[in-house]
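The following exercises ask you to read structural features from a protein model and to justify each step. Work through each task before turning to its solution.

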Amino acid sequence: MGIKIDKNKKLAVGIPTYKRPDFAIRLIKEIISLEMYDQIIVSSNSYENELINYINSINSSKIIFNQQRENVGMAKNYFDIIKLCDCEYLHMISDEDSIYHENLRDLYKEISENHNYSLIIVSVNTIDDKVYKDASWQKNTYLKDSLGETAHFGSSIINRKMIDKKMLENLYEYAKTKSSVYPTTAAALAAYSGFGKIYYFRKPIVKMGKHHNFSEISGPSTYGFEVRLYQYMSLFSFFQKIKLKNKFIIGLHGIYYFTHHALQDAVRKYNNKPSTEFFNFYKRYSFKTIDKKIAFLILINVFYFFYYYFKLRINLSRFIKPLFKKKF
């Protein structure tokens, strides 16, 4: 599984796309004009004549086009790009986004002079050039907040040569699950496990573009409470298979992400009743091993800690604010 890495090729860009050929074509044109990436890998989860015809019209050995026969899901589409990459580093970006040209040149120079990073975290800006993901303040020598730092497309660059055959198989197993909506994080952890040296590149490389009116991940089918529980267990299963420095700390941050952010957000947006959702999930899910049950029970307890904390804070705020408005 996978191909041999070419030591003379430093940086590849991966563009997974689905039902928006106009966006993909715009980004490919921009990337070609940069003459910076050593490999451009486009993988389409839908059959779009406009995109196919454009790719066929390009005379460049740098471009690899992977046309899926059917919609294989976002994670498997992402996985195929990793499998096809023969460069040392791979930067996956959304077809909605664009590149800061000069910053990319600085990044390329950095990775050409230094070959020991297993994972690079970069800053990402919004469409109006405001910071969205900020890597400029980070001083960690190891990865801590894997989901917070790598979940967004474009925020991480993986060292492809760090992902060996076994790790590629683990990534594929993760990508096959229905709830594999964090392929960027899984790939980052896979690369990081190979050597464990992280680098924060402070300048933004990616500028977020205008959102397309169609998205593969949206609504309760991605952000609902039960779905979030499956996502947590899928990531935990993958997490079990890899060896990491500071694994305990990374795991704690993952639990924090789901209990403090993802599950609380699902309650607010979709009015899910947590106790019912937890109970139903426990009955449906095949835990198989005791450590999975323990991971699930930890998730429940930490979730309720934040759940009641937020309720208390809201109620206190309602009580205290009017007191400050009174005129003495």
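**Exercise 1. A nonpolar surface patch**

Task: Determine which residues form a nonpolar patch on the surface, and state how much accessible area they have together.

Solution: The model is predicted, and the values below are computed from it. Step 1: the patch is made up of L312, L316, F319 and I320. Step 2: together these residues have about 400 Å² of accessible area. Step 3: take L316 as an example; it is located in helix α12, residues 290-325. Step 4: the relative accessible area of L316 is 43%. Partly exposed covers the values between 20% and 50%, so L316 belongs to that class.

**Exercise 2. Two helices in contact**

Task: Describe how helix α3 and helix α7 are placed relative to each other, and identify which residues meet.

Solution: Step 1: helix α3 spans residues 74-84 and helix α7 spans residues 183-195. Step 2: their axes come within 10 Å and cross at roughly 35°. Step 3: on the α3 side, the residues of the contact are M74, A75, Y78 and I82; on the α7 side, they are P183, T184 and A187. Step 4: sorted by character, the residues of this contact comprise six nonpolar, one polar and no charged.

Step 5: consider next how far α3 is covered. Eight of its eleven residues are buried, and the helix is therefore mostly covered. The buried residues are M74, A75, N77, Y78, F79, D80, I81 and I82.

**Exercise 3. Salt bridges within helices**

Task: For K176 and for D265, find which side chains are salt-bridge partners, and give the spacing along the helix.

Solution: Step 1: recall the principle. Side chains of opposite charge can pair when their charged atoms come close. The cut-off for a salt bridge here is a nitrogen-to-oxygen distance within 4 Å, and the count by this rule is 14 salt bridges.

Step 2: K176 pairs with E173, at 3.3 Å from N to O. Both residues belong to helix α6 (residues 165-176) and lie three residues apart, about one turn of the helix. With 43% relative accessible area, K176 is partly exposed; E173, at 35%, is partly exposed as well.

Step 3: D265 pairs with R268, with 4.0 Å between the closest N and O atoms. These two residues are three places apart in helix α10 (residues 247-270), which means that about one helical turn separates them. D265 counts as partly exposed at 22% relative accessibility, whereas R268 is exposed at 57%.

Step 4: D265 also forms a salt bridge with K269, where the closest N and O atoms are 3.3 Å apart. K269 and D265 are four residues apart in α10, again about one turn of the helix.

Step 5: elsewhere, K10, E88 and K161 are joined into one network by salt bridges that share partners.

**Exercise 4. Positive phi angles**

Task: Explain why the phi angles of D129 and K288 deserve attention, and state where these residues lie.

Solution: Step 1: most residues other than glycine have a negative phi. Step 2: D129 is not a glycine, yet its phi is positive, about 65°. K288, likewise not a glycine, has a positive phi of about 65°.

Step 3: D129 is found in the loop between β6 (119-125) and β7 (131-133). K288 is found in the loop between α11 (274-284) and α12. Step 4: D129 is partly exposed, at 44% relative accessibility, and K288 is exposed, with a relative accessible area of 77%.

**Exercise 5. Two residues with low accessibility**

Task: Decide whether S234 and Q138 are buried or exposed, and find which residues they contact beyond their sequence neighbours.

Solution: Step 1: buried means under 20% relative accessible area. S234 has 12% and is therefore buried; Q138 has 11% and is also buried.

Step 2: S234 sits in helix α9 (residues 225-240). Apart from neighbours within four places in sequence, S234 contacts Y174, T177 and S179.

Step 3: Q138 sits in the loop between β7 and α5 (146-150). Not counting residues up to four places away in sequence, Q138 touches E149 and Y200. Step 4: Q138 and G154 are 16 residues apart in sequence, and their C-alpha atoms are 17 Å apart in space.

Definitions and conventions. Residues numbered from 1 in each chain as written. Predicted model: local features only at pLDDT ≥ 70, side-chain atom pairs only at ≥ 80, totals over all residues. Heavy atoms only, no water. Axes fitted to C-alpha atoms, helices over the stretch in contact; angles between N-to-C directions. Contact = heavy atoms within 4.5 Å. Nonpolar A, V, L, I, M, F, W, Y, C, P; charged D, E, K, R; others polar. Patch = residues over 30% accessible without salt bridge, like charges linked within 9 Å, V, L, I, M, F, W, Y side chains within 5 Å. Areas by Shrake-Rupley, 256 points an atom, 1.4 Å probe, with all protein chains shown as cover. Buried < 20%, exposed > 50% of the residue type's maximum accessible area, 1.4 Å probe, protein only.
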